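Q: Please pick one part of this structure and walk me through it closely. I would like to see what surrounds it and how it fits with its neighbours.

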Amino acid sequence: MVEQTGRPVDIMLADSNPLVLSAMSEIFERDPRFSLVATSATAEGFLGTVMRVPVQVGVVDWNLPALGGAKLIEVLRDQANAPRLVVYGEDSGEIPRLAMQAGAAGFAARSGEVEGLLETCAEVAAGRMVFPFIDVRKMQQDPIHSLSRKERAMLEALAQGMSNRELAKELGISTNTVKFHLSNVYEKLAVKNRTQAIAYYYSSQFSGGPR
């Protein structure tokens with residue numbers, strides 16, 4: 001269950017299909033958990049808006065013109081105060097995995113129930129990763145066993161949302177040392193960034209992996 005804070009989640013929607021965009025807008029406007037801030041039919045429109053008016057969660061079409069979902073996610077990934085992104089796309093093929101690798105926080109299938117999209121956005125707003133169609137551990141033989149005790153502790157702290165500065169304070173080491181250890185963690189897990197490392201951690205937990 002997602003805890004309700006009482007304040008609705010600011011959300012923006014972007015989809016190239018005007019009918020889908022209209023339907024999604026209605027759905028989110030009816031749900032008191034969300035406050036719909038804006039919509040866009042293009043990646044550039046979405047990017048321009050969220051850079052001026054920060055929102056907590058963005059729902060984006062994977063095939064959003066003209067940048068495309070993957071590039072949009074990558075551009076926003078390095079921006080301060082960027083929204084956590086949910087890809088709304090086809091659950092066939094590689095899209096869920098590619099969305100996760102690009103840095104999205106969640107994936108919801110167009111073929112699924114509307115409630116599924118709402119719940120995915122609520123979970124993502126609460127800081128969770130939601131990729132129901134991916135067993136991340138199948139992307140590679142589970143390397144979590146190769147992490148040192150300190151590296152595993154850092155991975156768990158990452159999953160709790162701690163920043164590099166907070167990690168340094170918690171572990172009594174410098175931020176440069178934190179970056180060094182995180183670099184090793186990413187390499188061992190074969191991931192590119194913090195978001196993917198957290199997704200890997202949660203997948204391992206939910207799949208009955210090492211705790």
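A: Leu117 is a good place to start: leaving aside residues up to four places away in sequence, Leu117 touches Met24, Phe28, Val59, Val86, Tyr88 and Ala108, where contact means heavy atoms within 4.5 Å. This is a predicted model, so to speak of local features takes pLDDT of at least 70 and side-chain atom pairs count only at pLDDT 80 or more, while totals for chains, interfaces and linings use all residues. Residues are numbered from 1 along each chain as its sequence is written, and side-chain values use heavy atoms, with hydrogens and water left out.

Leu117 and Val59 also appear together among the residues that touch the most other members of the largest nonpolar core, which has 68 residues; Phe28, Phe46, Val87, Cys121 and Leu189 complete that group. Such a core is a set of buried Ala, Val, Leu, Ile, Met, Phe, Trp, Tyr and Cys residues joined through side-chain atoms within 4.5 Å.

From Val59 we can move on to strand β3, residues 57-61, with five of its five residues buried (under 20% relative accessible area, against over 50% for exposed and in between for partly exposed, with a 1.4 Å probe and protein chains only). Helices (H or I, at least four residues) and strands (E, at least two) are DSSP runs, numbered from the N terminus. Val57, Val59 and Asp61 point one way from β3, while Gly58 and Val60 point the other way.

On one side, four bridges join β3 to the parallel strand β1, residues 9-14; here Ile11 stands opposite Val57 and Leu13 opposite Val59. β3 also pairs in the parallel sense with β4, residues 84-89, over five bridges, pairing being at least two DSSP bridges between two strands. In β4, Val86 stands opposite Val59. Between β3 and β4 the chain passes through helix α3 (residues 69-77) in a right-handed β-α-β crossover: with the strands pointing away from the viewer, the path from the first strand over the helix to the second runs clockwise.

Now for the whole sheet: it is open, has five strands and runs β2-β1-β3-β4-β5, with parallel pairing. Its edge strands, β2 (34-40) and β5 (106-109), each pair on one side only. From one strand to the next, the twist averages 25 degrees. Helix α2 (residues 43-52) packs on this sheet, touching β1, β2, β3 and β4, at about 155 degrees to the direction of β1. Helix α5 (residues 114-125) touches β1, β2, β3, β4 and β5, and its direction makes about 160 degrees with that of β4; axes are lines fitted to C-alpha atoms, for helices over the stretch in contact, and angles run from 0 to 180 degrees between N-to-C directions.
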